[in-house]
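Please open the structure in your viewer and keep the selection tool at hand, since this tour moves from one stop to the next and says what can be found at each.

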Amino acid sequence: MFRAVKTDVRFPDQEESILQFWKEQGIYQRSLEQRAGGEPFVFFEGPPTANGLPHPGHCLTRAIKDLFPRYRTMRGYWCQRKAGWDTHGLPVEVEVCKELGIHSKEEIEAYGVEKFIAKCQHSVWRYMQEWERVTERLGFWIDLSQAYVTYHQSFVESVWWSLKNFFDRGLLYRGHKIVWWWAQGGTALSSGEVGQGYREVADPSVYVRFPLIDEPHTSLVVWTTTPWTLPSNQFAAVHEGIDYAYCRDVETGDTAIVAAQLVEMLSEKIKRPLTVDKTVPGRDLVGKRYRPPFDFYESKIGEQTGNLREGGQTVRQWRVVHADFVTLDSGTGIVHLAPAFGEVDYDVLVAQRELFHDGNGPDLLCAVGPDGKFTDDAPEYRGVWVKDADRPITRALRDRGLLWHQEQYVHDYPFCWRASEDPLIQYPRESWFIRTTSFRDAMLENNRAIGWHPEHIGPGRFGNFLESNVDWALSRERYWGTPLPIWVCESTGKMEAIASYDELCSKPGIRGLEVWEQAKKNQPDLADDLKVHKPYIDAVTYDSPYRAGSRMQRVSEVIDCWYDSGAMPFAQWGYPLRGTDLFESQFPADFISEAIDQTRGWFYSQLAISTMLFGNKPGQIAPKGNIPYPHPFKNCIVLGLMLAEWYESKDGKQRFLTEEEAREALGNDFVHKTGKMSKQLRNYRSPQEIFDRYGADALRWYLFANQAPWNSILYSERAIRDSIPEFLLRLWNVFSFFTIYAEIDGFQGPAEITSPLDQLTGDELAKAPSYRPVPERSELDRWMLSDLAATCRTVIERMDRYDSYGACQALHHVVDALSNWYVRRSRSRYWAAEKSSPDKLDAYWTLYESLVVLAKLIAPFTPFMAENLWRHLTAGLKGVRESVHLCDYPDGSFAQADTLLNTRMDLLREIASLGRSARMDAKLKVRQPLGRVEVTLADGSHIPWLTEHDDIIREELNVKEIHYASGSSPYVSYSVQPNFRRLGPRVGPLLPKLKQALASASGAQLMDEMSRDGKISLSIDGQTIELDGEDIQVRFTAKSGWAAAQGKNGVVALHTELTPELIREGIAKDAIRIIQDLRKKRQCDFTDRIAIEIITADAAVREAIDSHRDFISQETLAVSVTIRESGGPLSDSESIELADVPVSIALSVQSREK
RNA sequence: GCGCACGUAGCUCAGUUGGUUAGAGCGCCACCCUGAUAAGGUGGAGGUCCGUGGUUCGAAUCCACGCGUGCGCACCA
């Protein structure tokens, strides 16, 4: 027995109660248990960092991560969903520093690393509740209780194990890296952080002469915007292919060498003529020695030479070298290289060293300390902050006649995002690297096997990134991160890697474990996982195997937290110390998803680690006896970025308003803005607001159904709200319609069935006595189920291709068909008086079954709505599955997909739509019956079928008669066009003329010729062309002067003359509508009987009502309809216009039973 | 500067291997229908398919060069 549901739904309230139900009944757990032993569908959760609040963008990733596992689970796969949290890294440290009001590493050290780490560990969980709430509220089913956490000991040990593997294979090495360095804070910044801090500044721009040693009175001229790097100069770079000019500078009497192409420009700049003596190619300059601008180093090592690998000797530095990056865009075409302060400069140094025998190459010259101040190497400037040294250095150059020219240069330069007055400098730091470059080809091969969605990511952005791979700079000179598990011998410098805490503890002569033990004793609630972190792990030392009496001490660095996330495929299980079975059964992933910003983040870190670690090469791990590419993930949906929208005043003074706020404050005088979501700008609203107002399903449906997931998507409250009626509300209204009538008629549904129920499949429902086999039902019923079955197959096919957007389109389409055609066309069947007529029961069963199938079909997309429907549809039934999420996904096997029927029904709908359009043109409202319509179709083959369904069109269009034709027709004119696709290859250049010929001929004649001869002959440019039926396309046009409308497949024309009888019927129908309105106004029950009294002076109206009295009574459940010409005012009456005349009408309820 | 993507109606987006009248939803306006009614339907207005050139009988679609936007990378010596 079904109970009518209210139509004024509050989806958010319903969702909250469903969440409660899921929780109490452990539905998620049971959905998993039920599939245990099924084929695994492996999902990896890319760990979010819980260090900040979740924002709308996270809802998108979490929604899509939920969709596919839910879908696969219903399809029978076993899909575990282990949550994870990314917990390490600089952002956590920064958060803690803010809290403590400190900045620099010195301040952290002063505060105490031990206390600092403990704070970091706590800080990680600060927003955990918000994260869990959003996750749950969105309906993201994931096992939060089993979440992996990157700081946990088991995770850290897995990471150690993989690093030891790399170390032992020689893939982990120590080298130098030029980093963006925050000197005041004593730390390097990641490229993301650097990118945040760019600012336009004016720097000094100096042109400096480097005198050549072997050519008197001749100088290279170089340009730099960082004069403070000049004392550390090591080379001057030219490009071999560029021509350089020796120019006489009249003022100095010196010869200046600059790029030939720039002579003129430079001459203007220095405002004096430069006379070119000769021009030489860059390669002729390579090897020439020059005098550096400062002699701090030259005075000590100026004559230092080294032995070249190719034989011979040369001076180590202060030579001209070739470099590819030299261009003529700015400067002089000769580049000053200070390898300590530039990445490309450093690369040149490394390349130069390669030329020499080991130990013979140039050392790195660096006159600046990590604090950004000059060291003893440059005594003149010792202790001066580099930026403050620009002026004195420039002055010194001028004094010594080396300053050729000086100006200001405006450019963007990075500053520290945490201390906006501190400029960053490039600075060399010792760093640990992973030799990813030697796996470049393997990574590319692995990448080619991955199913990227969209496809272009693979060869495009991601592939390109792999092509330009450089070794992974792994180490960070910070505190809160996975410690690099390498111990160094204090006397020999030899190193070894450690793979676990136990391995460490078993080392001979182990000492320092007590530091942790003591800390734990003092503070028993300290998380045990901290023992593998700084500072405790740093205290652990052991006997060196390399020299008796020496100790092994850990290096001080922690690692890049991207490595943590990339290691999660195995580290989430603690593999290989723990979880071997789990890892092997859950690797590789079938599906992962993140937004495009993870290309160089998680997508790369996973691929790099997996490619290097797992395989058949010596030293690699081969779980399950090797794993073919791709691994560690097979499919990846790369989501677009979510954009914020806001409103602001036209002058931009009031920003980041909601639409409501803007309307209130500014009237209509505001602009709509969209842009990147930004925490700082606070230009987005909390997802919770959406959940509370519209519900999670509304948000999910908006995210899934509005565009392909890789397009960027606007987080727009209005757009989310607007997407509700088209799907969720429409479906809910259909369901509500069903319950209203099922309650009135006492439709039992599956409650009739005595045998055990399970998922309410067609086979189960067929056991109900009143359930008739589908083939015995009306065409409309068969069509609906066939359309639904076809939709099931379409959705499955698309979801298997990871095309969630396409699947949503199919769902949208079928809900529209159900609501706007099936229910609309079936209404009268539900109103039918005979409660147990087979047709009425068929209508109920068809609608019921459709709703059951839809509940299952939409379950992965809008899980709340699906559950809500399911719970109502199965209320009171015994044995049926408690949750729709415990059901199998419908595969459409309940009905044949009848494509012919579908085509015909589409045609029928088109005819109805055209008829309504024609009525509109003729200004004939649908309530006015018409005598006849003429339907002319391009293709006559469906006419017999359509004729059988006259009743539908007659009712839709409110006409008495309908006539179909396919031949010539007085309402239609034809135009014939060539079938371009077919004829293009055949006649090619003649096509335009052929088109012309067909257009100018009479369409009707061509049609006649075609039907007589089966072909048309045309002569064009002397060539005879024969066209068969498929070579032409016939286009229909309604002839003007008729109330007619044309569509793709035909024309619908109306007979518009009205007989007195038709007019009377129209009036009666108007009367019915008015009475129905009154019933509603009086809040009558659907089944209340009423008495009607009508008073009007108009004889035509009286006659119309009188002659249709029975019809009116039947439609309005009236026991009596009284008509009077005049009389005293009726009590409780309403005065209304009917057929343009005044009418007074009274309604009284007679009985409320039945 | 380099790479990738995108550029189609007021907004958000579809648009199959090139086929000649470019679609949908929303919004706006008008009308209609209505015992699902805080729904539903029909129509209208609104497009140099970013621009230029090319290939072709035919280009929103393919090619080239630009312009603009987003993202990423690099550079700013």
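Does histidine 217 count as buried or exposed? Before selecting it, keep in mind that this is a predicted model. Histidine 217 counts as exposed, because its relative accessibility is 62% and the cut-off for that class is over 50%. You will find histidine 217 in the loop between β5 (198-211) and β6 (218-224), and its phi is near 55°, a positive value in a residue other than glycine.

Next, select lysine 624, which lies in the loop between α22 and β26. Phi of lysine 624 is likewise near 55° and positive, although the residue is not glycine, and lysine 624 is partly exposed, with a relative accessible area of 46%.

Stay in that loop and select histidine 631 and proline 632, which are joined by a cis peptide bond with omega of about 10°. Proline 632 lies in the loop between α22 (599-613) and β26 (635-639). A cis peptide bond also joins histidine 453 and proline 454, where omega is about 5°, and proline 454 is found in the loop between β17 (451-453) and α16 (458-467). These stops are worth a pause, because most residues other than glycine have a negative phi, and most peptide bonds are trans.

Now move to glutamate 157, whose place is in helix α8 (residues 153-168). Glutamate 157 counts as buried, because its relative accessibility is 4%, and the cut-off for buried is under 20%. If you leave aside residues up to four places away in sequence, glutamate 157 touches Ala499, Ser500, Tyr501, Asp502, Leu577 and Arg578.

For the last part of the tour, select RNA strand B together with the residues that surround it, of which there are 61, the closest being Thr225, His336, Phe980, Arg1079 and Phe1086. By class, the surface near the strand has 19 nonpolar, 23 polar and 19 charged residues, and helix α26 (residues 717-745) gives the most to that surface, with eight residues.

Which parts of RNA strand B do the atoms within 4 Å of the protein belong to? Of these atoms, 54% belong to sugar or phosphate, and the rest to bases. Three side chains let you look at such parts one by one. In arginine 461, an N or O atom of the side chain is 2.3 Å from a base oxygen of RNA strand B, while a polar side-chain atom of asparagine 464 lies 2.4 Å from a sugar or linking oxygen of the strand. Finally, select asparagine 820, where a polar side-chain atom lies 3.0 Å from a phosphate oxygen of RNA strand B.

Terms used
Residues numbered from 1 in each chain as written. Chains lettered and ligands numbered in written order. Predicted model: local features only at pLDDT ≥ 70, side-chain atom pairs only at ≥ 80, totals over all residues. Heavy atoms only, no water. Near = heavy atom within 4 Å. Polar contact = N/O pair within 3.5 Å; in protein donor to acceptor, adjacent residues only side chain to side chain. Helix = DSSP H or I, 4+ residues; strand = E, 2+ residues; numbered from the N terminus. Nonpolar A, V, L, I, M, F, W, Y, C, P; charged D, E, K, R; others polar. Buried < 20%, exposed > 50% of the residue type's maximum accessible area, 1.4 Å probe, protein only. Contact = heavy atoms within 4.5 Å.
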